[in-house]
Amino acid sequence: MDTAIRRFSNLSIRVKLTALIVLTATAGLLVTTPAFIVYTYRSLHAEAARDLTTTAHALAANSTAALTFGDRQAASELLTALRAKPAVTGACLLRDDERGKRVAFAGFSPDPTGVDPCTAPVNADGTLSARAPVMLDGQEIGALSISLS
């Protein structure tokens, strides 16, 4: 240890200042890099949640006619538009039955052999999900649920 201090004291001021600047910059990077990574992760997650919520509300607004007239084919075609978003793992359009209970009306899964999107657990395995009401004349007649991996 004593020799290291002696060797350091024999160095020129220029080398000492350079070492101090490098040490300070390294310490600054070690502190700011993890903070930047956490901020970026949280920002991307929040942006994905906003995008998913917007998509759910737009599709819910467009599915009012399909639910009102009981047109399952139109509802399925509407949900098929989610193929444009590769991260979507499933979507389910629900409607109220005669007893007022929510039942599956139409579903979408990018993997036809996968789990039924209307029975899959919500927020399983770190998925993100959004739910939007389907409205008609101020009354909620159903709901749309979308999951994203």
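1. First, a quick term to get us going: helices (H or I, at least four residues) and strands (E, at least two) are DSSP runs, numbered from the N terminus. With that in hand, aspartate 97 can be placed in the loop between strand S1 and strand S2 (102-108). One thing to keep in mind is that this is a predicted model, where local features need pLDDT of at least 70, side-chain atom pairs count only at pLDDT 80 or more, and totals for chains, interfaces and linings use all residues. Residues are numbered from 1 along each chain as its sequence is written, and side-chain values use heavy atoms, with hydrogens and water left out.

2. Is aspartate 97 buried or exposed? Aspartate 97 has a relative accessible area of 15%, so it counts as buried (buried means under 20% relative accessible area, exposed over 50%, partly exposed in between, with a 1.4 Å probe and protein chains only). Have a look at what its side chain does in that loop. A polar atom of the aspartate 97 side chain lies 2.8 Å from the backbone nitrogen of lysine 101, and one lies 3.0 Å from the backbone nitrogen of arginine 99.

3. Now for the strands. S4 (residues 139-148) has seven of its 10 residues buried, so the rest of the structure largely encloses it. Strand S1 (residues 88-96) pairs with S4 in the antiparallel sense over seven bridges (two strands pair if DSSP finds at least two bridges between them). Strand S3 (residues 128-136) also runs antiparallel to S4, joined by nine bridges.

4. Isoleucine 146 is a handy spot to find in S4. Alanine 91 has isoleucine 146 as its bridge partner, and alanine 130 stands opposite isoleucine 146 too. If you then follow the chain through the S3 and S4 hairpin, there are two residues between the strands. Aspartate 137 sits in that turn, with a positive phi of about 50 degrees.

5. On to charges. Side chains of opposite charge can pair when their charged atoms come close. The rule used here is that a salt bridge is a side-chain nitrogen of Lys or Arg within 4 Å of a carboxyl oxygen of Asp or Glu. How many salt bridges does this rule give? The count comes to four.

6. Among them is a set worth finding in the viewer: Asp96, Arg102 and Glu140 are linked in a network of salt bridges. Aspartate 96 and arginine 102 have their closest N and O atoms 2.5 Å apart, while glutamate 140 meets arginine 102 at 2.8 Å, N to O. That second pair links distant parts of the chain, with glutamate 140 in strand S4 and arginine 102 in strand S2, 38 residues apart. Aspartate 96 is partly exposed at 27%, as are arginine 102 at 29% and glutamate 140 at 38%.

7. Another salt bridge joins the side chains of aspartate 51 and lysine 85 (2.8 Å, N to O). This pair also links distant parts of the chain: aspartate 51 is in helix H2, lysine 85 is in the loop between helix H4 (72-80) and S1, and they are 34 residues apart. Aspartate 51, at 39% relative accessibility, counts as partly exposed, and so does lysine 85, at 29%.

8. Last stop, helix H2 (residues 13-62), where you will find valine 15. Valine 15 is partly exposed, with a relative accessible area of 42%.

Terms used: Polar contact = N/O pair within 3.5 Å; in protein donor to acceptor, adjacent residues only side chain to side chain.
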